[in-house]
Structure formats: C-alpha cells, structure tokens
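Me: Could you help me understand how the words in a structure description are justified? I would like to go through them one at a time.

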Amino acid sequence: MASCNNSSLIIGFLVLALVHFNRINALSSNYYDQTCPMVESTVTSSVKKAMLNDRTVPAALLRMHFHDCFIRGCDGSVLLNSTANNQAEKDGPPNISLHAFYVIDHAKKALEAVCPGTVSCADIVALAARDAVHLSGGPTWVVPKGRKDGRISRASETRQLAAPTSNISQLQQSFSQRGLSMEDLVALSGGHTLGFAHCSSFQNRIHNFATTQDVDPSMHKSFAASLRSVCPMHNKVRSAGANLDSTPTTFDNRYYKLLLEGKSIFTSDQALLTNPTTNTLVKKFANSREEFEKAFVESMIKMSSITGGQEVRLNCRFVN
C-alpha cells in the first residue's frame, strides 16, 4: 500500500511539473495584443467599479486567484457552478466564503462584447488579482497571459488547499508540490495584508488551544483578549471575526510587522516563525516593504503560471 501511494505521489509531482513547464512556455505578456487589445483596461475598469461599492473586493479577488491556482492550476475552475451531478470547488468548505465572482462575470461580459470567445476566464482572474493589489496601494506587474479554462471542478479537491490551521511542514509540502519555494510561501502569505477572517478560522488559537492553555502562548496577550471578545467560545454571530492586519484595505508590509509582535491571526501565519528560513524572510519583509513587494511580484508571476485548462469559456460559470 505504501509503495502504491508513493508511486501515485511521484506521478502527481511529475504531472504538476510538466503542467508548470508547459504553461510557462505558453504564456506571453503580449498574448492578446492583436486579438483583444482592450483586455487589460476592461478588467481594470471592472475591478475599479466594484471597489467603489465594496472595499472587500480586492482581498476577495486575490484570494480567489490563490484558491484557483492551487487546485488544478490557474484554470478558472474555481469559477464553475455546481451542477446536479457535481459539487464544484466554489462549494467546497474552504471556498464557501469566497465572493466577488460578479466582478469576473462583468469583465467577461464586457470582453465577450468586443472580442468574443477570445479571453479566458483564468486570465481575467489573474489580471483582476494584479489590479486588486495595485489599486490597494501595492505594486503592479506585467501578467503573462494565454491560460486556458479547465472543464473539471470538484469540491472534494479543495481539501488540497492549505488550511489556516496548517503547520510549517504542511505549508511547505503544499507549496513544494506546486513548484513553489519557501520564499514563495512567505511572500505569498503577505497577501494576508488584505482582508478579514471569520472566527471559525482562528478559533483553535483562542479557545482550548491545549489541555493546559486556553490561548496560544505565542499570541500577544491583549491581542488574544480582543479576539476572544469578538469571538466567544460559542459564537453565534456568523459575520464575526477580525481583520487580517490593522490596514486591511491597504497592500503593505504591516502583516509581517504584526506577525513579529505576536499579532497574527492564523496558525499558518504564526508557523512562518517556527522555521529558520521562513523566520528570516518574515524579518526581511517586515523591515523592507520594497523587498516584500519585489518578492511578492516574482512569486505571483510564478504561481499564476501554473495552469492546465483546455478551452476559452464563453461564460465563466459553465463549461462550453
């Protein structure tokens, strides 16, 4: 049984590596220059419009891109609706709180009007994530384009996503299986500079942490007390939770500074301090926003180049 599992694992790594290699070679910064030159401005316009009405949109779009890329690559599979015969990724437990799908729908509709059947939903998600970061005060970058949309989306596969309760070994395994390094792990974790977490995702740190400790001792005492006040043991307020850092709508390096102060939200955040390599990177990014942004851009391009779809969907919620 063990040898069979190991063989499956090795085959899985090879498939991921092959997909990674093929897609990097297929993607291009000028992919739509001739076929749909309006693609970038159209997506940016959709993101800007949504942000005027909802400041949580950037965090949602960035998280959507992460969750898409970590399951079957960046193929837009997270956008597909469930059907009578299949529960899709967006309905898997880690993705229930994903939102702002309408932003992708609006961009797609606008693009279909000017260049039908040309721009993939996966590319729209990648561009929207970049715009989300930049419009929140973060860096911008040239997004390689040419991804195709996948036809398979399974809620059961969302178990592959790293949980907020993950330790450093689990995080490292999740990233390395996708060709991503420890530096990528720490840089991309900086995406937690945007957004909000519900109580359920960090309950393990503030209630019944261990048999002799109710609260995670690595957490700053007053910070833990504030979290416990908004998230009591038997919390019944569905919307209750906490911002991921103290500037949740601004893309900056505050996340790393707070992490070093014991004011991180998730176990997976705190885990970055438990390994010498990741600990050093956290300190580096806390000390220099410039170093963080440079690493974040490189890691985003690397992550978003892992894909393996087959078609350009006409509607992002349904296969052709």
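Reply: Happy to help! This is a predicted model, and its protein chain is divided into domain 1 (38-160) and domain 2 (168-303). The C-alpha centres of these two domains lie 23 Å apart.

Me: How do you know that domain 1 and domain 2 are in contact, and how many residues does each supply?

Reply: Contact means heavy atoms within 4.5 Å. The contact takes 20 residues from domain 1 and 18 residues from domain 2.

Me: What is the area buried between domain 1 and domain 2, and what share do carbon and sulfur atoms give?

Reply: About 1600 Å² is buried between domain 1 and domain 2, and carbon and sulfur atoms give 74% of that area. In domain 1, F66, F70 and W141 lose the most area to domain 2, together 35% of what that side buries. As for why area is used here, the size of an interface is often given as the accessible area lost when the parts come together.

Me: How many salt bridges and how many polar pairs are found across the interface of domain 1 and domain 2?

Reply: A salt bridge needs a side-chain nitrogen of Lys or Arg within 4 Å of a carboxyl oxygen of Asp or Glu, and the rule finds 0 of them across this interface. The rule for polar contacts finds 5 residue pairs, both residues at pLDDT 80 or more. On the side of domain 1 that touches domain 2, α3 and α5 (121-134) each supply at least two residues. The largest share of that side, 6 residues, comes from α3.

Me: Which residues does UniProt place in the feature "binding site"?

Reply: The unreviewed UniProt entry places that feature at D68, G73, D75, S77 and E89. They are spread over 22 residues of sequence, yet they cluster in space, with a largest C-alpha distance of 12.7 Å.

Me: Why is D68 called buried or exposed?

Reply: Buried means under 20% relative accessible area. D68 has 0% relative accessibility, so D68 counts as buried. This residue is found in helix α3 (residues 57-69). Not counting residues up to four places away in sequence, D68 touches G73, C74, D75, G76, S77 and V78.

Me: And what about E89: why is that residue called buried or exposed?

Reply: The same test works here: E89 has 0% relative accessibility, so E89 counts as buried. E89 lies in the loop between α3 and α4 (101-114). Beyond four places away in sequence, E89 touches several residues, including H67, N95 and R154.

Me: What makes the link between E89 and S77 a polar contact?

Reply: A polar contact is a pair of N or O atoms within 3.5 Å, where one must be able to donate a hydrogen and the other to accept it. The side chains of E89 and S77 are joined by such a contact of 2.6 Å, and 2.6 Å is within that limit. Another example joins the side chains of H67 and N95, at 2.5 Å.

Me: Where is H67, and is it buried or exposed?

Reply: H67 is in helix α3. With 14% relative accessibility, which is under 20%, H67 counts as buried.

Me: Why is N208 called buried or exposed?

Reply: Exposed means over 50%. N208 has a relative accessible area of 52%, so N208 is exposed. N208 lies in the loop between α8 (203-206) and α9 (221-230). Phi of N208 is near 50°, a positive value in a residue other than glycine.

How values were computed. Residues numbered from 1 in each chain as written. Predicted model: local features only at pLDDT ≥ 70, side-chain atom pairs only at ≥ 80, totals over all residues. Heavy atoms only, no water. UniProt positions renumbered as here; feature names shortened; annotations may be inferred. Helix = DSSP H or I, 4+ residues; strand = E, 2+ residues; numbered from the N terminus. Buried < 20%, exposed > 50% of the residue type's maximum accessible area, 1.4 Å probe, protein only. Domains from an automatic or database assignment. Buried area = accessible area lost by both parts, 1.4 Å probe.
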